[in-house]
Amino acid sequence: MDGFTRTRPGDANAWARVDLSEGGAAGARPERASAPPPRVGDVLDGRLRIRRLLGAGAECDVFAAWDVVRSEVVALKVVRQPNLDDAIARLRAEALPLAEVRHPHLVRLFDAGVTDARCYLILEALDPEPWSSAIQQGPPSPARVVEVVSAVAGALEALHHGGWVHGDVKAENILFGADDRAVLTDLGLAQHATGSSGTRGNCCGTPAYMAPELILGAASPDGRAVDQYALAVTTHLALTGELPFARNNSYATLFAHAQAPVPAVSATNPALAPFDPVLRRAMAKDPGARYASVREFAGALREALDDAP
């Protein structure tokens with residue numbers, strides 16, 4: 001292990017103990033290079049035999065791997081950063097909230113580490129096809145949408161209660177377990193609570209889901225309200241098959257989030273009219289006008305489902 005100390009899987013304090021002080025402060029010593037990503041057939045850290053690539057993101061590769069210690073297939077997420085210290089920081093950013101917060105609809109973290117200049121997370125194995133792929137085949141039933149969104153809202157509520165915000169809620173980050181359990185994944189942009197005013201938002205994220213206060217540069221956005229907004233955008237997408245503020249380019253999309261009225265889902269399907277006021281509130285331009293919590297938002301969706309024909 002290189003500069004990373006852990007005790008046992010599930011020890012929330014273990015993931016905080018990342019040693020970047022060897023040889024002085026990180027900025028005062030030569031950069032340490034990360035190793036290239038592993039390949040199919042490689043064995044990582046003496047326990048993880050890589051079977052296949054599941055997906056590649058901007059900063060990470062995700063593999064299906066056989067974990068000799070756990071005797072099961074797991075999802076192996078390997079951080080892809082040229083600088084090892086940056087990779088360790090990226091590792092900690094995702095590992096800390098997952099180690100501290102457990103919820104049936106939040107992806108489970110089994111272990112994490114740094115070996116041979118590679119940073120990795122061992123996560124539960126899930127179906128690699130995200131909810132967004134299923135939605136592209138046609139909008140699910142309103143009942144299914146409310147079921148999945150309520151599950152994700154439960155995971156977010158647990159994160160928020162634990163002092164964390166997700167920062168990148170979207171349909172692409174919702175996967176499913178073998179039992180069809182909806183699971184919120186990819187906490188690479190998660191942030192911890194700051195001060196007594198609540199949790200802090202992230203200026204990063206995905207333009208198609210980005211809250212107006214982030215776009216307009218609010219000084220201290222409440223990340224819980226930001227997560228709620230993104231979950232409401234996800235709900236609109238799932239109900240209609242269309243993103244609410246989709247435009248020809250990212251700049252136009254961001255402008256629409258900040259300035260355009262929330263489109264009614266009933267414009268696509270009149271039977272969805274009971275959901276219009278719920279989504280209009282959850283996507284309010286003023287974060288203070290949104291629901292007090294994602295749990296309350298999910299409850300309003302369930303009430304709208306009961307009122308739908």
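Trainee: How many salt bridges does the structure hold?

Mentor: This is a predicted model. A pair counts when a side-chain nitrogen of Lys or Arg lies within 4 Å of a carboxyl oxygen of Asp or Glu. The structure's total of such salt bridges is 17.

Trainee: Which residue forms a salt bridge with Glu59, and where does that partner lie?

Mentor: The closest N and O atoms of the pair are 2.7 Å apart, and the partner is Arg90. Glu59 sits in the loop between strand E2 (48-56) and strand E3 (60-67). Arg90 is 31 residues away, so the pair links distant parts of the chain. The partner is Arg90, in helix H1 (residues 84-100).

Trainee: Is Arg90 buried or exposed?

Mentor: Buried means under 20% relative accessible area. Arg90 has 11%. Its partner Glu59 has 34% and is partly exposed. Arg90, at 11%, is therefore buried.

Trainee: Which parts does the pair Lys77 and Glu94 tie together?

Mentor: Their side chains meet in a salt bridge at 3.0 Å, N to O. The two residues are 17 residues apart in sequence. Lys77 lies in one element and Glu94 in another, so the pair ties together strand E4 (residues 72-79) and helix H1.

Trainee: What is the relative accessibility of Glu94?

Mentor: The cut-off for buried is under 20%. Lys77 counts as buried at 9%. Glu94 also counts as buried, and its value is 1%.

Trainee: What is the state of Asp222, buried or partly exposed?

Mentor: Asp222 forms a salt bridge with Arg224, with the closest N and O atoms 2.8 Å apart. Arg224 has a relative accessible area of 31% and is partly exposed. Asp222 has 27%, so Asp222 is partly exposed.

How values were computed: Residues are numbered from 1 along each chain as its sequence is written. This is a predicted model: local features need pLDDT of at least 70, side-chain atom pairs count only at pLDDT 80 or more; totals for chains, interfaces and linings use all residues. Side-chain values use heavy atoms; hydrogens and water are left out. Helices (H or I, at least four residues) and strands (E, at least two) are DSSP runs, numbered from the N terminus. Buried means under 20% relative accessible area, exposed over 50%, partly exposed in between (1.4 Å probe, protein chains only).
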